[in-house]
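This report goes through one protein chain, taking up its helices, aromatic rings, charged side chains and surface in turn. Please keep the sequence and the structure open while reading.

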Amino acid sequence: MLFDSSIRKELARSFGATLVVLVTVVMTMMLIRTLGQAARGNVNPSDVMLVMGFTVLGQLPTILSLSLFIAIVGTLSRMYRESEMVIWFASGRGLSSLLRPLLRFSWPVMLAVGVLSLGVWPWANRQIQELRFQYEQRSDIDRIAPGEFQESANGRRVFFIDKESPDPQSANNVFILTSDAKGDAVTSARSARMEVRGDERVLVLSQGQRLDTPADKSGTRISQFEEYSTHIGQAPPSALDETQAKSRATLRLIEDPQPLYMAELGWRLGLALAAFNLVLLALGLASVNPRASRSGNLMLALFTFIVYYNFMTLGQSWVAAGKLGLPTYMALLHGGTFALAALVLAVRHNHWSPAQLWQRGAKA
């Protein structure tokens, strides 16, 4: 049908353009944020693009919902301003007749939001946590860059290596300064290698010397060695446990009905329900006065989106704190939003005035 096809084509163009802009903005913001984390030592600099990619992938449900919402509001507002809606209404088409083509266009996007929020969101968070965990648990040798002084993880040692070895578990011309309650020790060696003995990491130094200075500065002891071993920490575990709610699979959240997990489950389900409610809200809010400002209607729509998602965040915190049950939260927020959107759509479709609504409420 000409009516349906024309709307869907324009929605596709608007949705594609909006999605590209939003993804670009989010990627830029995530890149700046990830670079800041790398500068603070929370993320491996070589994994910056991976962390940024996983972060953007986790934010895609919100980006898709917002892109769909803006596309519908922008397209229908343009049709109102250019009197195209008047032509369609004069031909016997009501506002509710737009719901069918909108849903036919929107259902793939809503399906993608559901898949991303229920499946991809925890997977992406788990990948980010594993990358950070592996970087935080790296050995002291892994932290060192040739030609740079580097502090150890516990802050008690300072390392320096002259040049890099082909073996990532070894180094050449090593300098180590150790400070503790007993005093200071300066150790230098021609080479060093790292070994895992049982559950411990051991640094083995070869052909070097050690200068020990007690805390009371009473003297200095110099000793030479052919081989010297020192414990530098525990061996890293093979995998990261899924202890945080954001990284747990959706089925595991359902199996363990703790308030924190129910709050995370409500957030994921809410992303899918919000995408549907936003389509109804966009249809009801798209009506615009041709003489009014062009940006006024879009600003109202964006404000509605922000308020809706802030209520989702607030409800999630209430469920996590045990102040509200998951069914109650879902019914109040998403059920209430659906009822509000249906009411706005009915008022727009039937052209009800406030007086008519008051009369209908009085009769009821």
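In what follows, a residue is called buried when its relative accessible area is under 20% and exposed when that area is over 50%. The model is predicted, and every value given here is computed from it.

## Helix H7 and its aromatic contacts

Helix H7 spans residues 259–285 and has a kink of about 30°, centred on leucine 271. Most of H7 is covered, with 21 of its 27 residues buried. Within this helix, tryptophan 267 pairs with tyrosine 309 in an edge-to-face arrangement, the planes standing at 85° and the centres lying 6.4 Å apart. Tyrosine 309 belongs to helix H8 (residues 294–320), so that this pair links parts of the chain 42 residues apart. Both tryptophan 267 and tyrosine 309 are buried, and both rings also belong to a cluster that ring pairs build from Phe69, Trp267, Phe305, Tyr308 and Tyr309.

Another ring of H7 faces a charge: the charged end of arginine 248 sits over the ring of tyrosine 261, at 4.3 Å from the ring centre.

## Aromatic pairs elsewhere

How many aromatic pairs does the rule give? The count comes to eight. In one of them, the rings of phenylalanine 15 and phenylalanine 105 have centres 6.1 Å apart and planes at 85°, and the pair is therefore edge-to-face, since the angle required for that label is over 60 degrees. Phenylalanine 15 lies in helix H1 and phenylalanine 105 in helix H4 (residues 99–136), so this contact ties together parts that are 90 residues apart in sequence. Phenylalanine 15 and phenylalanine 105 are both buried.

## Salt bridges

Side chains of opposite charge can pair when their charged atoms come close. A search of the whole structure finds three salt bridges. One of them joins glutamate 264 to arginine 268, with 3.0 Å from N to O; these two residues both lie in helix H7, four residues apart, which is about one turn of the helix. Glutamate 264 is buried, as is arginine 268.

The salt bridges that share partners join Arg210, Asp212 and Arg221 into one network. In this network, the side chains of arginine 210 and aspartate 212 meet at 2.9 Å, N to O, while the closest N and O atoms of arginine 221 and aspartate 212 are 3.5 Å apart. Are the members of this network buried or exposed? Arginine 210 and aspartate 212 are both buried, whereas arginine 221 counts as exposed because its relative accessibility is 58%. For aspartate 212 the relative accessibility is 14%, and it therefore counts as buried.

## Surface features

Val21, Val25 and Met29 form a nonpolar patch on the surface, and their accessible area together is about 270 Å². Valine 21, one of the residues of this patch, lies in helix H1, which covers residues 2–39.

Glutamine 134 lies in helix H4, and because its relative accessible area is 55%, glutamine 134 is exposed. The C-alpha atoms of glutamine 134 and asparagine 44 are separated by 9.0 Å, although the two residues are 90 residues apart along the chain.

Key:
Residues are numbered from 1 along each chain as its sequence is written. This is a predicted model: local features need pLDDT of at least 70, side-chain atom pairs count only at pLDDT 80 or more; totals for chains, interfaces and linings use all residues. Side-chain values use heavy atoms; hydrogens and water are left out. Patches are made of residues with over 30% relative accessible area and no salt bridge: like charges are joined within 9 Å, nonpolar side chains (Val, Leu, Ile, Met, Phe, Trp, Tyr) within 5 Å. Accessible areas come from the Shrake-Rupley method with a 1.4 Å probe; for residues, only the protein chains shown count as cover. A salt bridge is a side-chain nitrogen of Lys or Arg within 4 Å of a carboxyl oxygen of Asp or Glu. The bend at a residue is the angle between axes fitted to the seven residues ending there and the seven starting there. Buried means under 20% relative accessible area, exposed over 50%, partly exposed in between (1.4 Å probe, protein chains only). Rings of Phe, Tyr and Trp (its six-membered ring) pair if their centres lie within 6.5 Å; planes under 30 degrees apart count as stacked, over 60 as edge-to-face and the rest as tilted. A charge sits over a ring if NZ of Lys or CZ of Arg is within 6 Å of the ring centre and within 35 degrees of the ring normal.
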